[in-house]
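Open the model in your viewer and keep the sequence panel visible. The stops below say what to select next and what is there.

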Number of protein chains: 2
Amino acid sequence: MKISEFQNLMKNLYLHQDRDRGIERTFIWLVEEVGELANQLKVKNEKDLNKISEEMADIIAWTSSLANVLGIDLETALFEKYPNKCLKCNSNPCCCSSSTDSR
Amino acid sequence: MKISEFQNLMKNLYLHQDRDRGIERTFIWLVEEVGELANQLKVKNEKDLNKISEEMADIIAWTSSLANVLGIDLETALFEKYPNKCLKCNSNPCCCSSSTDSR
């Protein structure tokens with residue numbers, strides 16, 4: 001499924017609710033999902049990958065909802081910020097330095 | 001671009017760094033991006049849609065990085081959690097109630 005198709009699915013399913021809720025409260029829902037992911041990740045051993053997958057799906061879904069309310073095209077945003085190379089070192093794979101926080 | 005293609009792009013570009021950084025610190029990066037989105041959204045008038053788009057792209061990118069470290073397929077996760085209907089009311093568009101928080 002394309003990123004644009006997923007964003008459109010969210011639009012068809014939920015835009016009427018997302019618009020009514022508005023930008024601020026839709027963002028709060030996104031933050032809640034990040035908290036739910038944290039809740040899964042804090043488990044030290046035997047993390048539940050199914051639940052983690054669900055929370056990740058929710059994060060992408062609520063980001064898509066927020067993008068829909070704001071009229072933002074996520075696929076275009078991803079193309080521009082993440083072309084087929086690292087924007088800092090112009091390489092793929094990124095070879096920015098030995099730091100793991102170079103992005 | 002497919003969701004799986006974007007996740008693979010993140011894998012090719014950054015997985016070596018993401019693995020070194022590990023789950024916890026990669027999650028912290030995701031949270032930082034959510035904070036950067038908050039920073040843009042708190043502007044009351046004339047929000048900068050370009051910057052908001054970038055922060056949204058970063059949220060999806062860091063979610064993809066985290067999924068890569070954990071071996072999670074995001075496209076599958078999205079299909080399962082968000083099929084072509086609302087899982088609660090079985091409809092598209094969702095008609096769960098007049099509440100805007102029914103999801």
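Helices here are DSSP runs of at least four residues, numbered from the N terminus. With that numbering, select A:Pro93: the residue is in the segment after α3 of chain A. Keep in mind throughout that this is a predicted model.

**Stop 1: the cis peptide bonds**

Show the backbone from A:Asn92 to A:Pro93. The peptide bond between these two residues is cis, with omega near 5°. Now move to chain B and select B:Asn92 and B:Pro93, where the joining peptide bond is cis, with omega near 5°. B:Pro93 is found in the segment after α3 of chain B.

**Stop 2: a loop residue in chain B**

Select B:Glu46, which sits in the loop between α1 and α2 of chain B. What is the sign of phi at B:Glu46? Phi is positive there, about 50°, although B:Glu46 is not a glycine.

**Stop 3: the interface**

Colour the two chains separately and select the residues of each that touch the other. The selection should hold 65 residues of chain B in contact with 64 residues of chain A. The size of an interface is often given as the accessible area lost when the parts come together. For chain B and chain A, the area buried between them is about 5700 Å², and carbon and sulfur atoms account for 68% of it.

Next, look for polar pairs. Across the interface of chain B and chain A there are 12 residue pairs in polar contact, counting those with both residues at pLDDT 80 or more. On the chain B side, the elements giving two or more residues to the surface that touches chain A are α1 (3-41), α2 (49-70) and α3 (74-81). Which of them gives the largest share? It is α1(B), with 23 residues. Coloured by class, the side of chain B that touches chain A shows 38 nonpolar, 13 polar and 14 charged residues.

**Stop 4: the salt bridges**

Over all chains the structure holds four salt bridges, and two are found across the interface of chain B and chain A. Select B:Lys81 and A:Asp58 and display the side chains. They form a salt bridge whose closest N and O atoms are 2.8 Å apart. This pair crosses between chains, running from helix α3 of chain B, which holds B:Lys81, to helix α2 of chain A, which holds A:Asp58. Then select B:Asp58 and A:Lys81, another salt bridge, with the closest N and O atoms 2.8 Å apart.

**Stop 5: the cavity**

Rolling a probe the size of a water molecule over the atoms shows where empty space is left. Here the structure holds one cavity of 30 Å³ or more. The largest cavity encloses about 90 Å³ of space.

To centre the view on this cavity, select A:Ile3, A:Ile60, A:Leu78, B:Ile3 and B:Ile60, which lie nearest its centre among the 13 lining residues. Both chains take part: α1, α2 and α3 of chain A and α1, α2 and α3 of chain B each supply at least two residues of the lining. The helix that gives the most is α1(B), with three residues. Are charged residues present in the lining or absent from it? They are absent: the lining divides into 10 nonpolar and three polar residues, with no charged ones.

Key:
Residues numbered from 1 in each chain as written. Chains lettered and ligands numbered in written order. Predicted model: local features only at pLDDT ≥ 70, side-chain atom pairs only at ≥ 80, totals over all residues. Heavy atoms only, no water. Contact = heavy atoms within 4.5 Å. Buried area = accessible area lost by both parts, 1.4 Å probe. Polar contact = N/O pair within 3.5 Å; in protein donor to acceptor, adjacent residues only side chain to side chain. Nonpolar A, V, L, I, M, F, W, Y, C, P; charged D, E, K, R; others polar. 1 Å grid on protein atoms, 1.4 Å probe; cavity = no way out; pocket = protein on both sides within 12 Å on 5 of 7 lines; lining within 4 Å. Points joined across faces, edges and corners; volume = space filled by probe spheres on them.
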